[in-house]
Structure formats: structure tokens, C-alpha cells
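Work through these exercises with the structure open beside you. Try each task before you read its solution.

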Amino acid sequence: MRKVFIGVVSVLCMNLYAQKNDSINVLVPVADAFTGKVIENGKVEVLALDSTFIAEGQWSYSEDNGVRTETWLNLRVPSNGRYLLRLTQNNYFTTYQQIVIERSKRAGADGYVLLKDKIKMRKRPDAMKDKQLGEAVVTATKIKMVMKGDTIVYNADAFQLSKGSMLDALIEQLPGAELKDNGVITVNGKQVSSLLVNGKDFFRGDPKVALENLPAYMVNKVKVYEKETDFEKFSGIKERERPLVMDVNLKKQYSIGWIANAEAAYGTKDKYLGRLFALRFTDCSRIAMYGNINNTNDTRRAGSKGDWTPSSLPEGVQTSRTGGAEYYYENRQKTLQWTSNLTVSDVDNNTSTFTNSESFLPSNNFYSQSKQNGDHDFTTMSTNHEFVVNKAGRHKGGVNFSGYKNSANSLKLYGGFNSDPYALIQAGALDSLFMPGNNKIKEIAQYRRREQSMLNGKYWSVTAPYNLWLFPFKEKGIYDFFSLNVVGSYDKYTHDAFNTYNLQYLNGTSNDEYRNRYQPKTERHYNYSADLTYLTVFGDFQPSIMYGYSQDYRSGRDELYRLDKLDNWSQNSNATLGTLPSASSELQDVLDLQNSVYSSSWKRLHQMKFEVRYRNKAANNTEVTVTFPVNIELDHLLYNRSGRHFDLHRTKPLFMANGVMQQVFRKEGAWEFVSLKLNYNFTRRQPDLVKTLDVVDDSNPLYIQNGNSGLKTTAMHNVMFEIYVRQKRTYRFNFSYNRTHNALATERTFVPTTGGYIVRPVNVNGNWATDGKFNITHNLGKKKLFTLSNSTSYTFSHSVDMANIAGSVNNALSTIKNLYLHEQLSLDYSKNGWNVGAKARASYSHLAGNRADFNTINAWDYNYGITARIPIPGGIGLSTDFTIFSRRGYDDPSLNSDDVVWNMRLERSVLNGNLTFAVDGFDILHNLSKVTRTVNAQGRIESYSNVLPSYFMAHVIYKLNIKPKKKK
């Protein structure tokens, strides 16, 4: 009776105590003892050590995009002490576990105590048998896109693609998504930081590997969301900025076992393609291998959305050979991860480029044209090995190695003109300039130049990073956080460059120049750094402090030899480019001391950063972060040039600031989620010490470079404002403004007698820019068969540079105001295997200068067309896109054109879709060309390059799926 009485009194006391504010919230992790996976729908009870019932806890979960990833016991206990937990679940043995609670007073009344040791439950033998459930078949219209919480979910099966399409073809079709040529993906105007496969990084998040090698038929869903960072998972503290990721979820039949995809193709004009991809998944590991060889240098396919433009095409005709492999492993307890990958590539490129430019000068502008043909071979290799260990903290480290070798040969013709050559001749001005005899174009030409070049280079680097995170008092409810980052790296670069330079003046104002040059270069570089961060939590406030130190050392020899000064290496000799005299003494006799450099530099950096973050936990939460970084830079430069020795030291503290404010509103009904974000950033940057030296580089007689000891520190202000609204449709508006004080610019002094420039770095004020972008994506119609995507953007820049004419007293500021407007609109319709889309894109540039003689530029680039994928009788699929590309306002009349580009594919699959035959027609009408335009305060450049010629190609595509055998 005495024991019963004591037990009753104890329970009553504990229940009364639990109602007070000093009761403690406890989180305990739980998992399957064998698989380490989530256990659902269980029950937990808190007992005293004598098994007296105290309270019932809650069975809760961590979720990642609606998928339960971890099981937690959410408990509330009266005070510090020892307790007994009783866990029950239908498929598991009842489990008892003793816990010890020791909470510090700093945790606060609402602070959680997180227990580190995971409770493991063993499954009953009778629950391990497979249970087959009947299938429910639902027939409905396939919706392309839905919102699930903060996640955009695209249904891959709702998009009509050709059988041989890779992942890039699917991404191009996603509403609100844009795939750029370099593999960068944006969704509703925001850049995707990493592309995942089944929630895991794939080849270090490099999207191009997955885009070009992962078959689209394997994909079930594509999810876009702001991913919980590793820091959040480890600490439970929400990050201010989460990376936007695109998670490609494979269909179940491809999520375990072996899958392979092979493609071979050959076409007209000797075009060929070969591709092999293999992937093996298990519950805790992944092996991927790929190989690709082609001379098509383009991955676009007929019927694509057509977000590419001719100006963004790869230059030249390219042959590439690439291959890679990756291994990923994670143990069942999720305490160890290992990733190793290797990539190798070899690219040969043949490029022909024609460039027309105009330099803005205080008086008459100067015009130039150039034509260059070149071959470039580039071979690269990289391998990365990384581990993550989640024991006694979080340890992450690895070693990365990369290297390349390249060789290049080129021939360039260049002409400089005192007036616009298009006023005399509409085409062929440069060819006429190099013809024998006299003609009208030579009357306005200042000079002509011919250069032939050869280069061979090598580079390699090794990097070893290590990162440690610790929450030493987390179990006691104290969220004091320590992080240590250490990294070391070393790299080396060498090259041998040869060049013949033949400059001829056509007006007799200066002497002709011929130079035969050899330039060997060697550069070594190492860097090591370490930083330590301490963060603590006081309610809604999270102050942190960081200190870091780094040292960067770089040394090099960049020598220039004038071979033309040797007896047998003059302009009329038969010396072959790329050869050297047999005697080394002869080489030393022609060393150009004026333009040979020997240097060593050290940059030591002390970094200190203090940050305070406030974030309330309400549904409509407010978040404010203020950061004050201070950098103390210590620079030391040893520099030898022109027979002069420089020994410079510089110490400079740089004070900077950053502030972010974000307000989130959540409401059911008219809108679900609204986010307002305001960001201000102030940074400062020192000029390179080499630019402050009083030295002259006249290795190029038409572009003589001087230093400037009076350079000042550059200060940059940037303000960004963003509105994001998520409803049945998604809106995103971005606005930014930036201004630079003491911007580093180039003062150009034009020399009329030579047609060349004398330049030096200077500081200018008045540079500022603003831009904005608005995106909307919406499914239309009762059955959501239409998808509308729209992107509107603008950029306005006020660019200031300095230009002058030799002999004038005052330098003149050249100011260019550039307004750029861009609109992109697409409307797609899908039903019963049909997919038809209309697209339109337009951009407008308006450029005005501050000089009275500046001719205002108004230029348009626009395109419009249709895309379609249509099933036709006989099981044949037809994919096509038809686009008209137009340009207006270019100085070169031949570029103001309308080019009709038509691509088409026919395909048919057999063997249950495992074997596909296809025929492609690329640029069937022979109209594709690559044109780019660049305009700033210095001048205007229009460029035309050769691209892949029109061709037809036949493809054979085979896919293989090997599922693991079921255990009996």
C-alpha cells in the first residue's frame, strides 16, 4: 500500500508540474533496426522508472517535399531526470528505452532537447512477408504541373517527347523553366543551383551530365523546391537562403537495378553521334557511367520549345569525346556518405569568325574589321572524392584533382579604317584590303595586319577541403554551434606561344612592323585558408561571429623573345612557325626585357564577420539579418620588368555591410504564399598591385599599356527587391539597382598616326545600372490542356569610360546609356499524344551617347514560330519546329535579315519501345547563322561565326532495364 500511495502521489505531482512553464519538450529519433528507414503510425508513452504512466507523446516525422524521411518522438516531460519510453507499433516488437534529460537554463521554456541516440525497433517476422495489394486504375487527363506546398511538381508523362529524347528535351518543355546553352536552368526567373537525381547530387550537381545522358523516358516527376541545407538538417536551425534545386525522380522500375541506353547515328556531310549511358541504383548506392562522341556540337532536337537563339549557338564545327563515371554510397544509418567521380573530355573545334567594330572617340570614330580561322584542341580530366561522416559532429572532406592540355593554331586578318567602310562597300571590305593594287577601301584604311599564332599549354591542380560542424551541447537544449573550414590547394600552368605579326600602314604616317615572337610562360600558385565560426541562439535571435585567415601565393615567369632580330628569322626568311634556334645563347640575345616579367606575390587576408539574425516563428514570419564583414588585406609584390625591380607592400582594412529583410504571408483563399525580400549589399575591392606599377607593355604596337599608381579602392552598392506570389499560378518579380564609385575603367588615347591606342587603368564615377524581371506560369482551361508562360525583363545601364585623342589637353568621359527590353511568350496545348505550341521572343536595344556626333542605335532581335509533336498512322511520331529569326538595326547590312529555320524528326519504336529508329533533319532550309552584338562605353562590336551546317541524320536507340531478382 505504501508503494501504491507513493506512486499515486508521484504521478499527481508530475502531472501538476508538467502544467507549469518549466516543462521540457524532447525530440527523440527512431528508425528500423535493420534498414534504418522511417517507421510510421506508432505510439509512444512516457513512464516513470517504476513504469508509472506520466504522459503520451506524439509520433511525428521530418518531411522532404511531402515524403517522410525520418521518424521522431515528440515528448513533453516535467523536468530534468530519467524516464522510460514504451514504443508500440503493429509490425514491430514493443520497445522500452530509458532516456536522460539534462536541459540548460539557456534553452528557455519553449526550447527543445534533442536526444542524439536513435531508438531502433525490430520488425516482427510475420510482418516481413510481402503483401500484394490490388491495383487501382484511374483514367484522367494528365496535368503538366501542380503545386504541393512549396514544391512545383511536373508530371513527365504529360509532355510529348520523341522516344530518344534526353533529359534536356524534357526540361525545355517544363512551364516556367528555361534551359540555357551552358546548362544553367532557371525556373520562374530564379536560377537552379543543382540538379538532383532521386534527391541526391549527380556528378557534383553538374546539370550538363544528366541533361545530355539521362533518358527522358526514365523520368516520373520533376520537382523544383528550395532544398533544406546540410546545416539545417544537422542543426535544426532554418537557413536564411535555401538553394533552389531541380530533383529528377525516376520511375520505380528504373530506381533499382541496372538501366542502360545506347544510341548510334550517322548523317550527311559525315556527321555522326554515339552515346552510351548506364546506371545502377540500390537502396544505398549508385553507379553511373557515360560516354559520348559526336561532331554535331549541338544537343537541340526537333520539336523543342526553341528557347535557344542563333546568337547562343556554339561557335565553329566541333568534335567532342567525353566520358565519365560516378560512385555514390550511403550507409543505412545515414552516418556515412562517399562519392567518387571521374570525367574526361577531348574537344576539337574549327572556328571562322568575322567581326565588325566601332570605337567611340571624342572626334571621328575609328572602325575595324577582322577575320579569324582557328583550330583548337582541348583535353581535360578531373576526379573528385568526397566523404561525409555524421558522428560526433559532422565531418566533410575530400580531395579534388583536375588538369588539362590544349593546343591552338589560328590565322587572323585585321583592318583599321578612319571612316565606316560600309559607306563605300556593302560586303568584302576586308578581302579587298588584302588584295594587290589600289582600290577605294584602301583610301580610308589606316592599316592592315596579318597574324599567325600557335600555342601549347598544360595545367593541373589539386585541392583538399575539410569541414567540421559541432553542436556540443545540443542534447541539453543549448544550440551553440561551431564550424571549422580548412582548405589547401596547389596548381601549375605552363605554355609555349609562337606568333608572327605583320603590320602594314597604307597612308605613310608610320613605319611598318614585323615581329616573330616566342613567349614561354610558367606560373605556380598555392592557397591555404581556415575559418572558425561560433553561433548561438537566444530565442528568436541568432548572433554569430567568424574569423578566417588565408594566404595566396603566386609566382611566374612570362618571357618574350623577338626571333625576328635573328639573322635567319626575318620577315623574308623560311623559318617555320613553332621552331627555335638550336643554340640557347642565340635565344638569350633576343630577350625582350621591356616585355618580360618575373614576379612573386603574396596576399594575406584576415577576415572577421559579425552577424545578427532575427526570425520569429509565426506563420506570417519576419526575418532580418545584418552582417558586418571586415577584411584586412596585406599584399606583397616582387616584380621585375624592363630591367627594373619593384618591391611593394600594401595593408588595407576594408569595411563592408550586408542587410536582408524578408516578410512572408500565408493565407488560404486568394493566394497561398507571398514573400517580400529586400537586400542591400556594400562591398569594396582593391585594385591589382600590378596595375599600379609605372611600367609600359608595348608587346602589341597598336595597344600599348601603362600602369597607374593613383588607383583607388572601388566601392559597390547593390539593392535587390523581390516579390514572389504562389497561387494556382506563380508570379515572381525582381528588381535590382547597383552603383559603383571609383569604378576601374580603361582610359584610351587614340593615336591618329598609327591607328592604335595607348591605354591605362583609371577610376571613373557615374557607372550604375538597374534591371527587373517578371515571370508568370499558368495552366489554362477546365482540363488544364493549355500552358501559358511569360517572361518580361528590362536592363538599363549608364556606362562611363574615358577616351581621348593624342595631343589633346583634356581627357573626355564617354557615356553610353543602354536600354534593353526583352519579352518571351509561349502557349502550349497537349491532348491525346498531340503537343502543339506557339512561341515568340523579342528584344530591343536603345543606345544613346553624350557626344554630339554619336549616332543613336536602335536594334531589334526577334523570333516567332511553332513547335509540334504529332502521332501519325503506323506508330510513327513526327516532331518539328519552325522559327523565323529576324534582326534590324545592325551596322553590317548583311546582318539585317530574316532567317527561317526548320528542324524535323520522324521516329518509330519496336520491341515494346526498347528499340527506336529515327531520322533528323537539322536546318533543312540552310539559313542558320550565329550573330552577336556587344555595346558599351568603349564601342560597338558585331560578330558573325560559322556554325554547324545543315544535315540529315539517322539514329538507332536501344534501351535496357535489368531488375534485380526477388529473393525467395
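Two strands pair if DSSP finds at least two bridges between them. Strands (E, at least two residues) are DSSP runs, numbered from the N terminus.

The model is predicted: local features need pLDDT of at least 70, side-chain atom pairs count only at pLDDT 80 or more, and totals for chains, interfaces and linings use all residues. Residues are numbered from 1 along each chain as its sequence is written, and side-chain values use heavy atoms, with hydrogens and water left out.

**Exercise 1.** Find the partners of strand 1 and state how they run.

Solution. Start with strand 1, residues 24-32. Three bridges link strand 1 to strand 9 (residues 119-121), and the two run parallel. There, D32 faces M121 of strand 9. Now turn to strand 8 (residues 112-114), which pairs with strand 1 over three bridges, again in the parallel sense. L27 is opposite L114 in strand 8. Last, check the cover: eight of the nine residues of strand 1 are buried (under 20% relative accessible area; exposed is over 50%, partly exposed in between; 1.4 Å probe, protein chains only).

**Exercise 2.** Which strands stand at the edges of the open sheet with the order 3-2-6-7?

Solution. The sheet has four strands with antiparallel pairing. Strand 3 (53-56) and strand 7 (92-101) each pair on one side only, which makes them the edge strands. On average, neighbouring strands are turned by 25° against each other, direction ignored. The axes are lines fitted to C-alpha atoms, and angles run from 0 to 180 degrees between N-to-C directions. Inside the order, strand 2 (residues 43-47) and strand 6 (residues 81-89) run antiparallel and share five bridges. V44 has L87 of strand 6 as its bridge partner.

**Exercise 3.** Why is one side of strand 12 and of strand 14 left without a neighbour in the sheet?

Solution. The open sheet has three strands in the order 12-13-14, paired antiparallel. Strand 12 (177-179) and strand 14 (190-191) are at the edges with a single partner strand each, so one side of each lacks a neighbour in the sheet. Strand 13 (residues 185-187) joins strand 14 through two bridges. T186 has Q191 as its bridge partner in strand 14.

**Exercise 4.** Which residues touch the most other members of the largest nonpolar core?

Solution. A nonpolar core is a set of buried Ala, Val, Leu, Ile, Met, Phe, Trp, Tyr and Cys residues joined through side-chain atoms within 4.5 Å. The largest has 40 residues, and L167, L170 and L279 touch the most other members. Apart from it lies another core of 23 residues, including V30, V44, A48 and I119.
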